[in-house]
Amino acid sequence: MNYRRLTPSMSLLLVFEAAARHESYARAAEELSLSQSAISRQVQTLEAQLGIALFRREGRTVRLTDAGRRYSVDLGAALGRIRSATLQVMSHQTSAGTLNLATLPTFGSKWLLPHLHGFYQAHPGVTMHIHSRIGEINFDTAEIDAAITVGAGDWPELVVHRLYHEFLVAVASPQAHEPQQPASPQWATRQVLLTVASNRQAWSEWFTHYRLDHRQMRVGPSFELTSHLIQAVLAGMGVGLVPRVLVEDEIARGELSVVGDAIASQRSYYLVYPQRNSTLPALAAFRQWLLEICATH
């Protein structure tokens, strides 16, 4: 077996990965500061070394072959691990380092950022970059060290730290009901119910908790971001069911009325990351601070 054939040079792999990601030699050339002809030559060299076509030429455009697409997926994951390992080694050159943290957008703006000054006071040498993310994160391809997310905790391939259980509260605009009477769960059955797209079953859980007839649910618009749902409730569009921690300020200011009591959902908030990142100094410092502040609150 020719092991050289199985280990192409990093320059060839980087060129192929960029060209495959864009499916464009021109955009890959721009990203890598090379000429388009240089990209083409290096792709041809890699194809000759592998003995297989990675791209189909269609006029002035290129498209990945089936083999090229599979190679791109596997190679992207491998390069992601190499970049993560490199960042990990580089971070040990300083006492603190850099942390790339992904977080849910509304959680980040409503809870994390207001508390983050305490972390910076305790760890002034850490540089943290906050990235808003919804849904699953591929730590092999995304330049993310750790993430704060919500779910059932079933990520067997990741290190998982439970931060706290999610409690949901139904909220409405005070103008939507009689000012002298608190809004009741039964009152909510006559209102338009607003949902977050990632947690559509929440109203079903709420109705079950209050033993309400599910046939009375008047489900209305759904929103990708919880912050947009909160704004819709403030505008009087309907009743929203949201994590209590994200609307405490609006409730305290009297901008939102609480309908019933907060109920425990089926989800919790978690800090998650790949095992290979567990020794990053910046992540270790953030993990300790975050777990302590969540336990306090």
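## Terms and model

A cavity is a set of points, on a 1 Å grid over the protein atoms alone, where a 1.4 Å probe fits but cannot get out; a pocket is an open set with protein on both sides within 12 Å along at least five of seven lines, and lining residues have an atom within 4 Å of a point. The structure described here is a predicted model, in which local features need pLDDT of at least 70 and side-chain atom pairs count only at pLDDT 80 or more, while totals for chains, interfaces and linings use all residues. Residues are numbered from 1 along each chain as its sequence is written, and side-chain values use heavy atoms, with hydrogens and water left out.

## The open sheet

An open sheet of mixed pairing is built from 8 strands, in the order β4-β3-β5-β10-β6-β9-β7-β8. Its edges are formed by β4 (126–132) and β8 (219–223), each of which pairs on one side only. Helices (H or I, at least four residues) and strands (E, at least two) are DSSP runs numbered from the N terminus, and two strands pair if DSSP finds at least two bridges between them.

Strand β5 (residues 146–151) and strand β10 (residues 257–273) run antiparallel and are joined by 5 bridges. In this part of the sheet, Val150 faces Tyr269 of β10.

## Helices across the sheet

Helix α6 (residues 105–122) lies across β3 (97–103), β4, β5, β6 (159–172) and β10. Helix α8 (residues 202–209), in turn, lies across β6, β7 (193–196), β9 (239–243) and β10. Contact is taken as heavy atoms within 4.5 Å. Strands β6 and β10 thus appear in the list for α6 and also in the list for α8.

## The β1–β2 hairpin

Strand β1 (residues 55–58) pairs with β2 in the antiparallel sense, over 4 bridges. The two strands form a hairpin with 2 residues between them, and Gly59 in the turn has a positive phi of about 65°. Phe55 has Leu64 of β2 as its bridge partner.

In a regular strand the side chains alternate between the two faces of the sheet. Strand β2 (residues 61–64) shows such alternation: Val62 and Leu64 point to one face and are buried, whereas Thr61 and Arg63 point to the other face and are not buried. Here buried means under 20% relative accessible area, exposed over 50%, and partly exposed in between (1.4 Å probe, protein chains only).

## The largest pocket

The largest pocket has a volume of about 630 Å³, a volume being the space filled by probe spheres set on grid points that are joined across faces, edges and corners. It is lined by 38 residues, of which Leu104, Ile134, Gly135, Thr149 and Val150 are the closest to its centre. Two or more lining residues come from each of α6, β5, β6, β7, α8, β9 and β10.

Strand β5 provides the largest share of this lining, 4 residues. By class, the lining of the largest pocket comprises 22 nonpolar, 9 polar and 7 charged residues. Nonpolar covers Ala, Val, Leu, Ile, Met, Phe, Trp, Tyr, Cys and Pro, charged covers Asp, Glu, Lys and Arg, and the others, Gly among them, are polar. Val150, named above as the residue opposite Tyr269, belongs to the group closest to the centre of this pocket.

## The second largest pocket

The second largest pocket holds about 240 Å³ of space. Among its 13 lining residues, those closest to the centre are Trp111, Tyr164, Val245, Glu248 and His297. At least two lining residues are supplied by each of β6 and α11 (281–296).

Strand β6 contributes the most to this lining, with 4 residues. The lining of the second largest pocket contains 8 nonpolar, 2 polar and 3 charged residues.

## Cavities

The whole structure contains 2 cavities of 30 Å³ or more. The second largest cavity has a volume of about 40 Å³. Its lining consists of Ala102, Thr103, Leu104, Arg133, Gly135, Ile137, Ala147, Ile148 and Thr149. Leu104, Gly135 and Thr149 are also among the residues closest to the centre of the largest pocket.

Strands β3 and β5 each give at least two residues to the lining of the second largest cavity, and β5 has the largest share, 3 residues. In this cavity the lining divides into 5 nonpolar, 3 polar and 1 charged.

## Positive phi outside glycine

Glu23 has a positive phi of about 45° although it is not a glycine. This residue lies in the loop between α2 (10–22) and α3 (25–32). Glu23 is classed as partly exposed because its relative accessible area is 22%.

Arg211, likewise not a glycine, has a positive phi of about 55°. Its place is the loop between α8 and β8. Arg211 has a relative accessibility of 81% and therefore counts as exposed.

Notes:
Axes are lines fitted to C-alpha atoms, for helices over the stretch in contact, and angles run from 0 to 180 degrees between N-to-C directions.
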